Structures are given as C-alpha cells and as structure tokens.
Amino acid sequence: MIDLLDRLSRPFMRALDPEDAHGLAIKALQLMPLPRPIADPRELAVRAFGLNFPNPVGLAAGFDKNAQAPDALLKLGFGFVEVGTVTPRAQAGNPRPRLFRLEADQGVINRLGFNNAGAALVLARLAERAGAGGIVGVNIGANRDSPDRAGDYVRLIETFAMVASYFTVNVSSPNTPGLRDLQEARALDDLLARVIDARERVQPRSGPTPVLLKIAPDLTLSDLDDVVGIARKHRIDGMIVGNTSISRPGTLRERDKAREAGGLSGRPLFKLSTRMLAETFVRAESAFPLIGVGGIDSGPTAIAKIKAGATLVQLYSGLVYRGIGVVGEIKADLVTALKRGHRDSLASMIGSDAADMTAESWPE
Ligand SMILES: Cc1cc2nc3c(=O)[nH]c(=O)nc-3n(C[C@H](O)[C@H](O)[C@H](O)COP(=O)(O)O)c2cc1C
C-alpha cells in the first residue's frame with residue numbers, strides 16, 4: 001500500500017522543486033498512519049558497535065535533519081535511521097536553490113550547508129520518542145560561524161548522549177567552508193580526543209554511546225592512512241564511508257547541473273565511494289566495523305558495498321529515484337544472496353572483495 005502510494009506520488013514529487021518535494025515527503029511521513037512493520041528475517045540481523053540492528057539497511061544523514069519522522073522511517077523498513085546533521089544553534093544554511101537533481105545520471109548535488117533547527121529542538125523531539133525503541137543515530141556538526149568547532153562536537157555529545165543510539169562525527173560535509181580541514185591529522189587527533197573524552201564523561205549517566213567518524217570520499221590515500229590510524233588510536237567505534245563528493249566524474253550527462261557547487265551523491269558516486277570503502281577496510285584491519293554509503297539504489301549495489309567492507313549500509317539519493325520500495329527490494333536480495341551461498345548471516349561476505357578492489361585501477 002505504502003509502496004503503491006509512493007509510486008503514484010513520485011512523478012508529482014519529481015515535478016516539484018527538489019527541496020519542496022523533500023519538505024512534502026517529511027510532512028507526509030509525519031501525518032501518515034503507518035502499520036507496525038513485519039519483522040525482518042533473522043538472518044538479516046547484524047550486531048555492530050554493541051547495538052543489535054534488525055537489518056543492515058539504514059537511512060543516511062540529511063534526509064531527516066531535524067528528527068521529525070524517525071519512527072515513521074523505521075516503520076518503513078529501515079534497520080536504523082540517522083538524524084541530522086544537527087549543529088548546536090539553529091542555522092538557515094545556504095541560499096536557495098541549493099539542491100539539484102541530475103535526473104539523467106540519477107545523481108543529486110546539494111549545498112544545503114547544515115540547515116537545521118538546532119540542538120534544543122531536535123533533543124526535545126528525540127526525548128519525546130526515547131522509549132520507542134529502534135536505532136536512531138545522531139549526526140553532529142559544527143555551526144558555520146563557530147569560534148571553536150571542536151567545542152561544538154563536545155557540546156553535542158553532552159547534549160544528545162541520553163537519546164542517541166550512536167553518534168556520527170561529521171567532518172566531511174563540503175558545504176561548510178573549512179569543515180573538512182578537521183580531517184587533517186593534527187586537527188582530527190585533537191577533535192577525536194575531545195569527543196571521546198566527552199563520551200567517557202557522560203557515560204555514567206547515558207551508558208556507552210558508540211561514536212562513528214564520517215569521512216569524505218575525496219581524501220587522498222595518504223590522508224586516509226592518517227585518518228584510519230587516528231581513528232584506531234582513539235578507539236573510535238566505526239567509520240562511515242562516506243559523504244558526498246566535490247568531484248565530478250567525466251561521465252556525467254547533466255553537464256550544466258554538474259557545474260553547481262556542492263556535494264555529489266547517488267549513482268555517480270557509487271564507484272568512488274565503494275573504492276574508498278575497500279581502501280578503508282584494508283586499513284582498518286577489523287579494528288572497527290564500517291558503514292558503506294554512496295550510490296546504493298538496488299540489492300546488487302548494497303551487496304557490492306558489503307563485499308567491499310561494509311557491515312551496514314545507508315542510502316539517501318536512491319530513495320529519490322527508486323522510492324521507498326528500494327529498501328524492501330535490497331533486503332529481499334540480501335536474503336536471496338544468503339540462501340544461494342548457504343550462509344546464515346552476512347558476516348562472511350563483509351570485505352570479501354576488498355583486497356581485490358584495491359588492486360584495480362582508480363575509478364574515474
Ligand atoms: C540532500 C542531501 C543532504 C545531505 N545532508 C547530510 C547531512 O546533513 N549530514 C551528512 O553527514 N550527510 C548528508 N548527506 C550525505 C548523505 O548522508 C550520504 O552520505 C551521501 O548522500 C551518499 O549517499 P547516497 O548516494 O545514498 O545519497 C546529504 C545528502 C543529500 C543528498
């Protein structure tokens with residue numbers, strides 16, 4: 001039924017300005033009465049970062065920035081939902097238009113710039129649903145005009161520890177000038193030291209909240225050596241690979257839109273982000289699990305991420321082009337792949353192609 005509604009409304013939504021369509025989708029999720037979801041097949045269950053995920057398919061950050069509909073999204077079949085990016089204070093983000101669909105490429109470019117309602121309002125919403133169950137992570141970032149960006153992350157850890165299933169430290173958005181400099185070795189070392197210290201301080205009240213680091217797919221491999229080394233040194237619980245890209249593959253067909261500033265996501269990001277995932281997997285040496293994100297829009301693309309090293313996956317742009325039905329489709333394909341391989345969990349697939357992938361020529 002929901003799938004049908006989704007299919008019927010998609011042509012209409014696609015005719016709207018992308019940001020208006022997104023606002024409408026959030027409204028619909030808030031208003032639509034949704035049935036209890038059918039339980040996921042047991043073989044899709046994943047344990048990672050000390051959390052039990054009913055299935056490995058999550059909603060990536062940026063769709064529900066202000067935690068307006070995490071429970072509706074869980075009911076639609078996601079195994080987990082990441083809200084945010086949230087900054088300490090509300091901010092408007094960049095001027096519109098700032099969100100572009102590259103229809104012919106099934107890609108998206110955004111330069112939203114952390115538009116969000118601020119920590120207080122998002123905390124109130126998450127506190128209200130605190131007993132509802134389900135895994136809801138909080139993606140945190142710094143205010144654009146903050147004099148102490150690392151301090152913003154610390155404040156947000158303190159603010160959300162009681163209600164966050166996990167934290168994502170987002171240092172990889174291309175749309176806040178200078179933010180990605182926090183991935184540079186010295187800055188990252190300092191940031192993660194402060195973030196982990198904050199997590200330890202609040203732990204007696206909130207319990208252990210996993211902290212994940214979300215990186216850009218545009219890092220050089222020598223940057224990645226440093227980033228993974230520092231993440232391991234601070235015993236980060238996991239990494240998300242990755243955010244949108246400032247690169248523009250030469251294969252893009254929507255040439256005019258491709259010139260818009262911002263981060264590219266969706267199908268044109270798949271190859272680069274999957275290669276970076278494999279590169280991260282071989283460097284992490286199973287010290288922590290990875291979440292693979294970027295261009296997932298089908299069962300095969302999700303399986304490729306798992307084989308490149310993902311324990312869990314997330315998607316956003318795939319929803320724009322494939323609708324919510326893609327989540328069920330991915331889960332069904334995962335079950336089929338498990339049956340075909342006579343496996344009872346996804347664990348043995350994780351990273352099985354990573355080493356081979358890192359030997360291939362660099363994706364264009
Ligand atoms: C419109 C839009 C807004 C996004 N906002 C955020 C954000 O606030 N924080 C973040 O960490 N990632 C954000 N992302 C990045 C996604 O979480 C994801 O990493 C990226 O889009 C790649 O996945 P995809 O190809 O499935 O979309 C955003 C992506 C899009 C398309």
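Phe49 is a good place to begin in this predicted model. Its relative accessibility is 14%, and because anything under 20% counts as buried, Phe49 belongs to the buried residues. You can find Phe49 in the loop between strands β1 (46-48) and β2 (51-53). Now look at its backbone: phi of Phe49 is near 55°, a positive value in a residue other than glycine. Why is that worth a pause? Most residues other than glycine have a negative phi.

The ring of Phe49 has company too. Ring pairs link Phe49 with Phe53, Phe80 and Tyr166 into a cluster. In total, the structure holds four aromatic pairs. One pair to look at by itself is formed by Phe63 and Tyr316: their ring centres are 5.5 Å apart and their planes stand at 80°, and since an angle over 60 degrees counts as edge-to-face, that is the name for this pair. The two partners come from distant parts of the chain, 253 residues apart. Phe63 sits in the loop between β3 (57-59) and α3 (70-75), while Tyr316 sits in the loop between β13 (312-315) and α11 (317-322). Are these two residues buried or exposed? Phe63, at 10% relative accessibility, counts as buried, whereas Tyr316 is partly exposed, with a relative accessible area of 24%.

Next, follow the chain to strand β4 (residues 80-86), which contains Thr85 and also Gly84. These two residues are joined by a cis peptide bond, with omega about 15°. To see what makes this notable, keep in mind that most peptide bonds are trans. Gly84 has a relative accessibility of 0%, so it counts as buried. What does Gly84 touch, leaving aside its neighbours within four places in sequence? Its contacts are Ala61, Gly62, Asp64, Lys65 and Asn139. You can also measure from Gly84 to Leu121 on your screen: they are 37 residues apart in sequence, and their C-alpha atoms are 12 Å apart in space.

There is another cis peptide bond to visit, the one from Arg96 to Pro97, where omega is near 0°. Pro97 is found in the loop between β4 and β5 (99-102).

Let us turn to helices. Helix α4 (residues 119-128) and helix α5 (residues 149-160) pack with their axes 10 Å apart, at an angle of about 25°. Angles under 35 degrees count as roughly parallel, and therefore α4 and α5 are described that way. Their crossing is right-handed. On the α4 side, the contact is made by Ala119, Val122, Leu123 and Leu126; on the α5 side, by Leu156, Thr159 and Phe160. What kinds of residue meet here? Six are nonpolar, one is polar and none is charged. The spacing of the numbers along a helix is worth a glance as well. An α-helix has 3.6 residues a turn, so residues three or four places apart point the same way.

A second helix pair lies further along the chain. Helix α9 (residues 270-284) and helix α10 (residues 299-308) pack at an angle of about 25°, with their axes 8 Å apart. That angle makes α9 roughly parallel to α10. From α9, the residues Phe270, Ser273, Thr274, Leu277, Ala278 and Phe281 meet Thr301, Ala304, Lys305 and Ala308 of α10. By class, this contact has six nonpolar, three polar and one charged residues.

Stay with α10 for a moment. How many of its ten residues are buried? Seven are, so α10 is largely enclosed by the rest of the structure. The buried residues are Gly299, Thr301, Ala302, Ile303, Lys305, Ile306 and Ala308. What covers them includes α9, β12 (290-293), β13, α12 (325-340) and α13 (354-358). Right after α10 comes Gly309, whose phi is positive, near 135°.

Our last stop is His342, in the loop between α12 and α13. Phi of His342 is near 50°, again a positive value in a residue other than glycine. Is His342 buried or exposed? Its relative accessible area is 75%, and because a value over 50% counts as exposed, His342 falls in that class. Compare that with Phe49, where we started: Phe49 also has a positive phi, but Phe49 is buried.

Key. Residues numbered from 1 in each chain as written. Predicted model: local features only at pLDDT ≥ 70, side-chain atom pairs only at ≥ 80, totals over all residues. Heavy atoms only, no water. Axes fitted to C-alpha atoms, helices over the stretch in contact; angles between N-to-C directions. Helix = DSSP H or I, 4+ residues; strand = E, 2+ residues; numbered from the N terminus. Parallel < 35°, antiparallel > 145°, perpendicular 65-115°, else oblique. Left-handed = near helix turned anticlockwise from the far one by under 90°. Contact = heavy atoms within 4.5 Å. Nonpolar A, V, L, I, M, F, W, Y, C, P; charged D, E, K, R; others polar. Phe/Tyr/Trp six-rings, centres within 6.5 Å; stacked < 30°, edge-to-face > 60°. Buried < 20%, exposed > 50% of the residue type's maximum accessible area, 1.4 Å probe, protein only.
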